[in-house]
Amino acid sequence: RKQLGRYFVYMASLLRRRGSPVWQLKTWRTSAVSAHKHPRSPTVIPRASYADVSQESTSRSVYGGRHIVTLIPGDGIGPELAASVKEVFSYANVPVDFEEILVSGLISKGNKKTLERAVNSLQRNGVGIKGVIRTQLDDVDSLSLNMLLRTELDLFANVVRCRSIPGIKTRHDSVDIVIIRENTEGEYSRLEHEIVPGVVESLKIVTRARSNMIAKFAFDYATTHHRKRVTAIHKANIMKMSDGLFLRQCEQVATLYPDIEFKSMIIDNCCMQLISNPRQFDVMVMPNLYGNILSNIGAGLVGGPGLCPGKNVGVECIVFEQGARHAAISKAFQNKANPTAMLLTSVDLLRHIGLTHHAQSIEAAIYKTISLSKVRTEDLGGTASTSQFVQAVIKHMEGVGA
């Protein structure tokens with residue numbers, strides 16, 4: 001009965017989102033030429049250009065020329081990575097002040113209040129950066145605070161860019177893949193229960209509205225970033241209704257973008273293809289669980305989880321975080337974590353709020369540190385500590401904020 005109640009609450013929230021002012025008042029992205037040559041199917045729900053929205057500065061809190069950004073350090077190596085970002089920003093005179101909120105999955109008390117504070121802060125500021133919050137594995141009643149944050153803020157799209165970095169030797173060169181996953185439903189709907197002892201039922205929720213929304217976001221992203229191909233990843237040969245619905249929405253949305261090549265691929269074949277020939281992929285769009293798996297594979301292709309930036313995008317808010325979500329509790333406070341992914345994530349944040357000059361300077365310093373100085377942390381086969389890597393980045397920055 002409790003699980004059924006949660007299901008109805010979940011579906012009601014989807015209906016409320018669809019009827020909210022954001023859905024009604026956003027200007028729908030249409031093209032007269034495209035509409036004439038490729039009329040919309042009546043089953044395709046028109047949406048705003050969500051990729052365009054995510055590129056605009058939504059930093060609402062700006063005082064005296066300084067941006068207020070929510071910072072959630074997270075657990076494990078998160079606080080060390082957050083400190084690295086603050087140190088680099090301070091040296092570069094970046095006009096950003098952090099509103100820091102401590103949310104942890106390692107403690108059981110007070111999380112509801114701290115999560116509420118984090119949600120209110122992100123809604124107020126419109127932009128934030130976070131580390132990974134630990135989810136307890138042995139507590140059945142413990143909910144993922146990462147998931148709750150995404151659903152509370154309606155961060156419907158997770159975007160991870162897996163790109164080869166000069167100086168990092170890997171099996172494949174010139175990899176540049178963008179993995180886009182639906183972020184709020186699928187297998188991560190948190191609707192599961194034990195029917196009888198030893199038999200557990202878990203519900204996978206897939207809706208036409210959300211599938212259409214993430215498909216359109218992927219094609220808008222491809223258009224605004226001058227990408228040539230979108231590949232939809234699915235398992236519609238087995239899950240014919242759920243993944244079939246997702247695939248059909250992708251196919252229908254693809255007809256609105258004749259200049260973007262569209263392909264589809266079954267998830268198990270995709271894993272093999274991604275490892276053997278990653279350069280065939282450009283933008284990839286998929287349901288929640290598949291995206292979690294493939295973003296980690298993509299991170300491994302380019303050198304590891306410490307190298308890929310990511311972000312969670314909503315219509316009204318955007319939260320930046322590492323592409324591969326690992327709290328790395330065992331490495332916490334040992335000064336061994338690779339801060340590259342978090343620093344590149346902060347670069348994306350700066351571009352988002354319009355601080356392009358600072359973003360370019362910090363990004364160039366990061367790549368110089370890796371390619372020229374040969375400063376490598378332990379995960380990349382080196383001996384440098386987190387602080388030594390950060391100091392090398394600072395050393396390569398010139399004229400920032402001048």
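Lys86 is a good place to enter this predicted model: with a relative accessible area of 33%, the residue is partly exposed. Lys86 has a salt-bridge partner in Glu100, and the closest N and O atoms of the two are 3.0 Å apart. Because Lys86 belongs to helix α5 (residues 78-91) and Glu100 to strand β3 (residues 96-100), the bridge ties together parts that lie 14 residues apart in sequence. Glu100 is likewise partly exposed, at 38% relative accessibility.

This contact belongs to a wider set, for the count of salt bridges in the model comes to 17. Another of them joins Asp268 to Lys235, with 3.1 Å from N to O. Here distant parts of the chain are linked: Asp268 sits in helix α10 (residues 267-276), while Lys235 sits in the loop between β9 (229-234) and α9 (242-254), 33 residues apart. How covered are the two partners? Asp268 is partly exposed at 47% relative accessibility, whereas Lys235, at 16%, falls under the 20% limit and therefore counts as buried.

A further salt bridge brings the side chains of Arg351 and Glu363 together, at 2.6 Å from N to O. Arg351 is part of helix α12 (residues 340-352) and Glu363 of helix α13 (residues 356-371), so this pair connects parts 12 residues apart in sequence. In this pair Arg351 is the partly exposed partner, at 34% relative accessibility, and Glu363 is the buried one, at 15%. Salt bridges can also join up into a network, as they do for Arg161, Asp176, Arg227 and Asp282.

The surface has a nonpolar feature as well. Leu106, Ile107 and Ile329 make up a nonpolar patch there, and together they offer about 250 Å² of accessible area. Leu106 is found in the loop between β3 and α6 (111-125). With 45% relative accessibility, Leu106 counts as partly exposed.

Attention now turns to the inside of the model. Rolling a probe the size of a water molecule over the atoms shows where empty space is left. In this model, 3 cavities of 30 Å³ or more are counted. The largest cavity holds about 80 Å³ of space. Its lining is formed by Asp75, Ile77, Gly78, Leu81, Lys130, Gly131, Val132, Glu321, Gln322, His326, Ala327 and Met342. Two elements, α5 and β13 (318-322), give two or more residues to this lining. Helix α5 is also the element that carries Lys86 of the salt bridge with Glu100. By chemical character, the lining of the largest cavity divides into 5 nonpolar, 4 polar and 3 charged residues.

The second largest cavity contains about 60 Å³ of space. Around this cavity stand Glu182, Glu185, Gly186, Val206, Arg210, Ser211, Ile214, Phe246, Pro287 and Asn288. Which element gives the largest share of this lining? Helix α8 (residues 208-224) does, with 3 residues. The lining of the second largest cavity is made up of 4 nonpolar, 3 polar and 3 charged residues.

Helix α7 (residues 145-152) offers a view of burial across a whole element. Of its 8 residues, 7 are buried, so this helix is largely enclosed by the rest of the structure. Those buried residues are Leu145, Asn146, Met147, Leu148, Leu149, Arg150 and Thr151. An α-helix has 3.6 residues a turn, so residues three or four places apart point the same way. After α7 comes Asp154, whose phi is positive, near 55 degrees.

A last stop is Tyr63, a residue of strand β1 (residues 62-63). Is Tyr63 buried or exposed? With a relative accessible area of 59%, Tyr63 lies over the 50% limit and is therefore exposed. Tyr63 and Val96 are 33 residues apart in sequence, and their C-alpha atoms are 9.9 Å apart in space. Val96 falls within the range of strand β3 (residues 96-100), the strand that also holds Glu100.

Notes
Residues numbered from 1 in each chain as written. Predicted model: local features only at pLDDT ≥ 70, side-chain atom pairs only at ≥ 80, totals over all residues. Heavy atoms only, no water. Salt bridge = Lys/Arg side-chain N within 4 Å of Asp/Glu carboxyl O. Helix = DSSP H or I, 4+ residues; strand = E, 2+ residues; numbered from the N terminus. Buried < 20%, exposed > 50% of the residue type's maximum accessible area, 1.4 Å probe, protein only. Patch = residues over 30% accessible without salt bridge, like charges linked within 9 Å, V, L, I, M, F, W, Y side chains within 5 Å. Areas by Shrake-Rupley, 256 points an atom, 1.4 Å probe, with all protein chains shown as cover. 1 Å grid on protein atoms, 1.4 Å probe; cavity = no way out; pocket = protein on both sides within 12 Å on 5 of 7 lines; lining within 4 Å. Points joined across faces, edges and corners; volume = space filled by probe spheres on them. Nonpolar A, V, L, I, M, F, W, Y, C, P; charged D, E, K, R; others polar.
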